[in-house]
Structures are given as C-alpha cells and as structure tokens.
Amino acid sequence: MCIRDRARIEHRAFNRPSFRKRGVKWASFHEYLNKKCSPDYAKDLMRYAKKYHRYLFKRDFSVLNNLSETKRNHVLCALSNLSKYLGIYGEFKKLVADYGLKWKQVNPEMLVLKRMAKTRECGLVLEWAGKVKTKVPSLSLFLDFCFMSGLRVKEAIASWNLIRELYKADRLGEYYNSKIEALEHFRFEETFIRKHKRVLITFMPEAFICKVGSEGERVSWPLLHNRIAKKGLPLRFGDIREYWATFMTRYLTTAEIDFLQGRVGASIFMRNYFNPALITDLKTRVFEGLAELQSRL
C-alpha cells in the first residue's frame, strides 16, 4: 500500500461519525502507554491526552500555539501517542505541519549552563546530603547507596528493596555476583531493562551490599519525599546521579560511565564496539573511585 492510499484510509477512519462518537477507551490506552513508558510518564501522557484529545478530534490545533514551549511539547507527545493508538498518526502529523507547530528543541549548551546555575544556587549535592543525614539519620545508608551506585532514584529504590528481600531469604546470589562484586540488574529485565531507561550492572563492595541487606529498611518514593520534605529540605536525588557521573571521570572514560549508567545505545561506538569484558581493570578503577567517594560522604 502506498503512502497516499494509507493516508486516505486514515483520513476516512478519522472522520467516521461512529469513530468520533465512540471516543477513546482510556483503560486500554493506559495499558498501551504502560507497555511503552514508565508508570509516571504514562500517567502524565494520560493526563494531557484526556485534556487535549478533543482538539485532535476537531482537527484544530490552534489552541496549542498559545501554550508555553514546554507544555506544548508535553501535549504533542500525548496526542502523538494517542493518535498512534487510534491508528490516525498520519492525521496527527498533518495537523502539526498545517499549524506550523514545532517540537521543543533541546540546546545542549543551555542544559550545561542550567546545571551550573543550579549548583551555584542550591549548593553542592554533598552539602545537601550532609543536611539530610543530620536531620533524617534513618536515610543515611540509603543516601550512601545512591551515591555509590549512581543509579536513577527509582532504580536505586528497586535495587535496594531487592537486595533486602533476597538477603533475608538467603538468595542474594540471584542478584549479586560475588566473583566480580557487582549487582547484575540484567537478571531482572522487567524492573531494570525498560524501553528508554535501563541499567545492566553496578559494581559494589560485598561488605556494603551485606550491610544494606542486614540493616536497611524498606524504602519507597513517598517515604523519601515525606521524611525529607518534612524537614524543609528539597529532593535532589537527580543531582546525585549527575555528581556520580562527573566525579567518576577521574577514574573512568565517558564510554565506561555511559555503560555503568545504562546509556548503552548512546552512540555507534557504544552500540557496536564497546565491550566491557575486555576492560580487565574496570572494577578496580570503579572501586578506587568509590573509596574516595565514600571518604567524602
């Protein structure tokens, strides 16, 4: 089928009265999003899709021109996913083109400048961590785990709870490889290997892992939020991951950091040539960096 014929079929389907009256099966659409995205991102897409889907059905995107660049990008992402779910993506693309809408352009230089400005305004993340440890001592070990692993906060929560669960059941070997002293996240694909965000392996000293398993309490995002917010402190877990990546440049190459933080598909080199098994001193250098990092904590 040629592109023109397919577009004609999409256009007819889109304008069928029965289609427009039937509306969207939101529960089914939510399942569709959950298979593609993280739960939180799926929730955001659902919210914007429910609020703005009528403009897709009316074939009128003029209201989107009045939105801020950031919000317009969120709405376009939501309506793009909705149109793919409904089988009318061709109509969506035509509306975007007809109304001259542009997706938000990310300027790499501005991102770096924003991170620098945030650090100057909010202070170093180590100073924040010190305040959290003083005011909420129950989170001290978990903060150390976040700094030592460099994981995203939700990955850190999932990993931390999994370590505790398996340690208490005397099954830690299903997750932690003591021969190479590493958490092998790839063994739990549903949790750690997502479509856009993933992590494969994290080197971590065995003594520290055992301490997490024996002393750590179960954590969740609401628990972290409540305990820290109640003390009047901001949440800066994203800055921990940024700090880890920047700090470890003293010991690791950019490709090695990308691999350990789950950015395997970031470049042609990472996809086709990078092989961590050939780097025999990778764990040694990671542990040297972690030793210095622990002393700062």
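This passage describes the fold, the aromatic and charged side-chain pairs, the cysteines and two unusual backbone positions of a predicted model.

The secondary structure of the protein consists of 17 helices and three strands. Of its 297 residues, 42% are classed as buried, and the surface that remains exposed comes to about 16,900 Å², with carbon and sulfur atoms supplying 53% of that area. When contacts with a separation of 6 or more are considered, 64% of them join residues that stand 24 or more positions apart in the chain.

Aromatic side chains form 18 pairs in the model. One of these is made by Tyr 89 and Phe 92, whose rings are stacked, with 5.9 Å from centre to centre and 20 degrees between the planes. The angle falls in the stacked class because planes under 30 degrees apart are counted in that way. Both residues belong to helix α6, which spans residues 89-98, and because they are three residues apart in this helix, about one helical turn separates them. The two partners are nevertheless assigned to separate accessibility classes: Tyr 89 is partly exposed, with a relative accessible area of 29%, whereas Phe 92 is buried, with a value of 1%. Tyr 89 takes part in a further arrangement, in that Lys 84 lies over the face of its ring at 4.9 Å from the ring centre. A second case of a charged side chain placed over a ring is provided by Arg 47, which lies over the face of Tyr 48 at 4.8 Å from the ring centre. Elsewhere in the chain, ring pairs connect Trp 128, Phe 142, Phe 145, Trp 160, Trp 221 and Phe 237, so that these residues form a cluster under the pairing rule, in which ring centres lie within 6.5 Å.

Salt bridges number 15 across the whole structure. Helix α6, which holds the stacked pair of Tyr 89 and Phe 92, also contains Lys 94 and Asp 98, which lie four residues apart, or about one turn of the helix. The side chains of Lys 94 and Asp 98 meet in a salt bridge with an N to O distance of 2.9 Å. Lys 94 is partly exposed, at a relative accessible area of 42%, while Asp 98 reaches 51% and is counted as exposed, because the exposed class begins over 50%.

A salt bridge in another setting is formed by Asp 239 and Arg 236, whose closest N and O atoms are 2.7 Å apart; here both Asp 239 and Arg 236 are buried. In the salt bridge between Asp 281 and Arg 285, the N to O distance is 3.0 Å. Of these two residues, Asp 281 is partly exposed at 36% relative accessibility, whereas Arg 285 has a relative accessible area of 17% and is therefore buried, given that this class covers values under 20%. Salt bridges with shared partners also join Arg 250, Glu 292 and Arg 296 into one network.

No disulfides are present in the structure. With regard to the cysteines, Cys 146 is buried, with a relative accessible area of 2%, and Cys 210 is partly exposed, with a relative accessible area of 26%.

Two residues that are not glycine are notable for their backbone conformation. Arg 59 has a positive phi of about 60 degrees although it is not a glycine, and its place is in the loop that connects α4 (39-58) with α5 (69-86). With a relative accessible area of 30%, Arg 59 is partly exposed. Asp 170, likewise a residue other than glycine, has a positive phi near 60 degrees and is found in the loop between α10 (153-168) and β1 (176-177). The side of the accessibility scale to which Asp 170 belongs is the exposed one, at a relative accessibility of 71%.

Terms used: Residues numbered from 1 in each chain as written. Predicted model: local features only at pLDDT ≥ 70, side-chain atom pairs only at ≥ 80, totals over all residues. Heavy atoms only, no water. Helix = DSSP H or I, 4+ residues; strand = E, 2+ residues; numbered from the N terminus. Buried < 20%, exposed > 50% of the residue type's maximum accessible area, 1.4 Å probe, protein only. Contact = heavy atoms within 4.5 Å. Areas by Shrake-Rupley, 256 points an atom, 1.4 Å probe, with all protein chains shown as cover. Phe/Tyr/Trp six-rings, centres within 6.5 Å; stacked < 30°, edge-to-face > 60°. Lys NZ or Arg CZ within 6 Å of the ring centre and 35° of its normal. Disulfide = S-S within 2.5 Å. Salt bridge = Lys/Arg side-chain N within 4 Å of Asp/Glu carboxyl O.
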